[in-house]
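Subject: Structure handover

Hello,

Here is the structure we spoke about, with the sequence. My notes on it follow below.

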Amino acid sequence: MTDKRHVRIGMIGYRFMGKAHSHAYRDLSFYFDPAAVPVMQAISGRDEAQVRGAAAKLGWRSYETDWRKLIERDDIDLIDIGAPNNAHAEMAIAAAEAGKHILCEKPLAMTADEAGRMLEAVRKAGVVHMICHNYRFVPAIRYVKRLIDEGRLGRIYHMRATYLQDWIMDPQFPLVWRLRKELCGSGTHGDLMAHSIDLARYLVGELTEVTGMMETFVKRRPLGEMTGGLNAEAFGERTGAVDVDDAVAFLGRFACGALGVFEASRFAKGNRNGNRFEINGSQGSVRWDMENMNHLQLYLEDDPQGMQGFRTIQCTEAVHPYAGAYWPAGHIIGYEHTFINLMHELMEGIAGDRSPAPNFEDGYRNQLVLDAVERSASGRNWITVGS
Ligand SMILES: NC(=O)c1ccc[n+]([C@@H]2O[C@H](COP(=O)([O-])OP(=O)(O)OC[C@H]3O[C@@H](n4cnc5c(N)ncnc54)[C@H](O)[C@@H]3O)[C@@H](O)[C@H]2O)c1
């Protein structure tokens, strides 16, 4: 049975997200006073030398070379899934059946059907579940949510979101798992667009119909593997076909009547992590950019005439969600803190026997939008989300 004060974590995968999650578990109690404290019990990876090294470097007490053994262990309360997308469903369903709480990386699954089965499994098992859409936990974005809920922006008319990167533009960048459909499900779409869809659902509400387009600019690449972060190495001369999108764009209608314009690309030169959006309402607008994540641009219609304009707010005051847990105002936080904030909610959820948002239901709904955009792109038409 879970000791409410200590949640013993078993983490699968130890590279990019493994590092981000490990750091967050390690530092959570440093900043917050969580109702449940994470214990970095064990990690799992397939290569023994590498997983042993990762356990030592990232601060885990033990390791396994088979993720199934991790799930079987009695001294693990929560399974954290940071493996490639094709593994999420099998791992999450096995973890739920073993009665473990689950944190799963995004996108939740390869398809909406698979995501639906994962949601069913966690509901049946009665375990706590979350999906790692970490951008929801940026103080500025949390603050936008508050402004919208309080009606400060009025009726929402538009959201336009872009998520732009450029790390695979070199045609010699290898065919890693993130570019192979059988391992990732979709390319830029499930990787970057999934985050924009999550922010759209969080801030503006459900999308009801969509029409999209997708493109693959580089069709063959040398075979290779990720080596950490967004770096990779090629194996040699052999090449393989790229069968996922490099770029995707779609138009969408929200249930509230607002219009959405979305674009995600890994071919947007100079954009390293250009996760941005603008929301326009009858009473005001906001603009946010991840590469300047502590800043929020806010326009309010009720400012005095002559003084109207976008102001820049630095969201590091105690009034801004999570900011008070860190440093005095103006002493900024960064990418890694989004994960700490998320883990804080996860630990509170476990202590309170509830699954904080975003959870598997959000992951499933997100996947319905992803699927609808893909179908509309191949059929060149509009698709009702969930149809
Ligand atoms: N929240 C975010 O912003 C964010 C950012 C990057 C990646 N992700 C997601 O996190 C997940 C992992 O991505 P990453 O960038 O950390 O990848 P990565 O390539 O850096 O690491 C993947 C890890 O999974 C392990 N692994 C691979 N196949 C496995 C298998 N079959 N069984 C067990 N372990 C296996 C690898 O050894 C490695 O440790 C993906 O679902 C990805 O979409 C989320």
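Which element gives the most to the shell around the ligand? The answer is α1, with three residues. Please keep in mind that this is a predicted model.

The ligand site

The ligand is surrounded by 22 residues, and the closest of these are G13, R15, F16, M17 and E105. At least two residues of the shell come from each of α1 (16–31), α4 (85–97) and β9 (220–228). By type, the shell contains 10 nonpolar residues, seven polar ones and five charged ones. Where does the ligand lie with respect to domain 1 and domain 2? Domain 1 covers 6–135, and domain 2 covers 139–292 + 294–333 + 367–379. Both of them give residues to the shell, so the ligand lies between them.

The six-stranded sheet

Six strands form an open sheet with parallel pairing, in the order β3-β2-β1-β4-β5-β6. The edges are taken by β3 (62–64) and β6 (129–131); each has a single partner strand, so one side of each has no neighbour in the sheet. From one strand to the next, the twist averages 25 degrees. At the β3 edge, the partner is β2 (residues 37–44), and three bridges join these two parallel strands. One residue pair to look at there is A42 with its bridge partner S62 in β3.

Strand β7 and its partners

Strand β7 (residues 156–164) pairs with β13 (residues 274–281) in the antiparallel sense, over eight bridges. It also pairs with β12 (residues 259–265), this time in the parallel sense, over seven bridges. R160 is a useful residue for finding your way here: it stands opposite E278 in β13, and its bridge partner in β12 is V261.

Helix packing

Two packed helices are described by the angle between their axes and the distance between the axes. For α1 and α9 (residues 335–351), the angle is about 70 degrees and the axes are 8 Å apart. Angles of 65 to 115 degrees count as roughly perpendicular, so α1 is roughly perpendicular to α9. Their crossing is right-handed. Recall that α1 is also the element that gives the most to the shell around the ligand.

The second pair is α4 and α5 (residues 112–125), whose axes come within 8 Å and cross at roughly 10 degrees. Angles under 35 degrees count as roughly parallel, so α4 is roughly parallel to α5. The crossing of α4 and α5 is left-handed. Of this pair, α4 is among the elements that supply at least two residues of the shell.

Backbone points to check by eye

Which residues does a cis peptide bond join in the loop between β5 and α5? They are K106 and P107, with omega at about -10 degrees; P107 is found in the loop between β5 (101–104) and α5. Another cis peptide bond joins A357 and P358, and its omega is about 0 degrees. P358 is found in the loop between α9 and α10 (360–379). Finally, Y322 has a positive phi, near 70 degrees, although Y322 is a residue other than glycine. Y322 is found in the loop between β16 (311–314) and α9.

Regards

Note on methods: Residues numbered from 1 in each chain as written. Predicted model: local features only at pLDDT ≥ 70, side-chain atom pairs only at ≥ 80, totals over all residues. Pairing = 2+ DSSP bridges. Helix = DSSP H or I, 4+ residues; strand = E, 2+ residues; numbered from the N terminus. Axes fitted to C-alpha atoms, helices over the stretch in contact; angles between N-to-C directions. Near = placed C-beta within 6 Å. Nonpolar A, V, L, I, M, F, W, Y, C, P; charged D, E, K, R; others polar. Domains from an automatic or database assignment. Parallel < 35°, antiparallel > 145°, perpendicular 65-115°, else oblique. Left-handed = near helix turned anticlockwise from the far one by under 90°.
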